[in-house]
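Good morning, colleagues. Thank you for the opportunity to present a structure that will be new to many of you.

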Amino acid sequence: MVWVYLIGGSVSTAGSPFRAFFDERVLEMGEAADFGSFGQCRNLLKEVWAITDSRTPGGSEAQYVSWRDVMAMKGWDFLLI
């Protein structure tokens, strides 16, 4: 399931309903959302969204940020399954 969240989240923009859905899912999971592959996915999406949102000043069209590039920039080497 993490893979679906990662792919959907990596292309979502600031106003996307996916982000609200994902936040609701995190709340439903409670502390479990911080661990395992889901926790890693959550942290990765936070970084992707931070970069994406910083590149879209004034509500202009978002520029795609690859989740793979973010992992490389952070030196992260983990498997999301």
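I shall speak about how the helices pack, and then about a few individual residues. Please keep in mind throughout that this is a predicted model.

Let me begin with helix α3. This helix has 19 residues, and from its first C-alpha to its last it reaches 28 Å, close to the 27 Å expected at 1.5 Å a residue. Which of its residues are buried? They are Ser37, Phe38, Gly39, Cys41, Arg42, Leu44, Leu45, Val48, Trp49, Ile51 and Thr52. The buried residues of α3 pack against three helices, namely α1, α2 (17–29) and α4 (67–74).

I turn now to two of these pairings. Two packed helices are described by the angle between their axes and the distance between the axes. For helix α1 (residues 2–10) and helix α3 (residues 36–54), the angle is about 5° and the axes are 10 Å apart. An angle under 35 degrees counts as roughly parallel, and α1 and α3 are therefore roughly parallel to each other. On the α1 side, the contact is formed by Val2, Tyr5, Leu6, Gly9 and Ser10; on the α3 side, by Ser37, Phe38, Cys41, Leu44, Leu45, Val48 and Trp49. Sorted by class, this contact of α1 with α3 comprises nine nonpolar residues, three polar residues and no charged residues.

How do the axes of α3 and α4 cross? They come within 10 Å and cross at roughly 105°, which makes α3 roughly perpendicular to α4. Here Leu44, Glu47, Val48 and Ile51 of α3 meet Trp67, Val70, Met71, Met73 and Lys74 of α4. By class, the contact of α3 with α4 has seven nonpolar residues, no polar residues and two charged residues.

These helices also share a nonpolar core. The largest such core has 19 residues, of which Leu6, Phe22, Phe38, Cys41, Leu44 and Val48 touch the most other members. Each of α1, α2, α3 and α4 supplies at least two residues of this core, and α3 gives the most, with seven residues. Setting aside residues up to four places away in sequence, cysteine 41 touches Val2, Tyr5, Leu6 and Leu80.

Let me close with three further residues, beginning with tryptophan 67, which lies in helix α4. Its relative accessible area is 10%, and because buried means under 20%, tryptophan 67 is buried. Beyond residues up to four places away in sequence, tryptophan 67 touches Trp3, Leu6, Ile7, Ser10, Leu44 and Val48. Tryptophan 67 and serine 10 are 57 residues apart in sequence, and their C-alpha atoms are 6.3 Å apart in space.

The second is threonine 52, found in helix α3. At 5% relative accessibility, threonine 52 counts as buried. Not counting residues up to four places away in sequence, threonine 52 touches Ala62, Gln63 and Val65. From threonine 52 to threonine 13 there are 39 residues in sequence and 7.6 Å in space, C-alpha to C-alpha.

The last is arginine 19, in helix α2. Is arginine 19 buried or exposed? With a relative accessible area of 9%, arginine 19 is buried. Leaving aside neighbours within four places in sequence, arginine 19 is in contact with Ser12, Thr13, Ala14, Trp49 and Asp53.

Thank you for your attention.

Technical notes: Residues are numbered from 1 along each chain as its sequence is written. This is a predicted model: local features need pLDDT of at least 70, side-chain atom pairs count only at pLDDT 80 or more; totals for chains, interfaces and linings use all residues. Side-chain values use heavy atoms; hydrogens and water are left out. Axes are lines fitted to C-alpha atoms, for helices over the stretch in contact, and angles run from 0 to 180 degrees between N-to-C directions. Helices (H or I, at least four residues) and strands (E, at least two) are DSSP runs, numbered from the N terminus. Angles under 35 degrees count as roughly parallel, over 145 as roughly antiparallel, 65 to 115 as roughly perpendicular and the rest as oblique. Contact means heavy atoms within 4.5 Å. Ala, Val, Leu, Ile, Met, Phe, Trp, Tyr, Cys and Pro count as nonpolar, Asp, Glu, Lys and Arg as charged, and the others, Gly among them, as polar. The expected span of a helix is 1.5 Å times one less than its number of residues. Buried means under 20% relative accessible area, exposed over 50%, partly exposed in between (1.4 Å probe, protein chains only). A nonpolar core is a set of buried Ala, Val, Leu, Ile, Met, Phe, Trp, Tyr and Cys residues joined through side-chain atoms within 4.5 Å.
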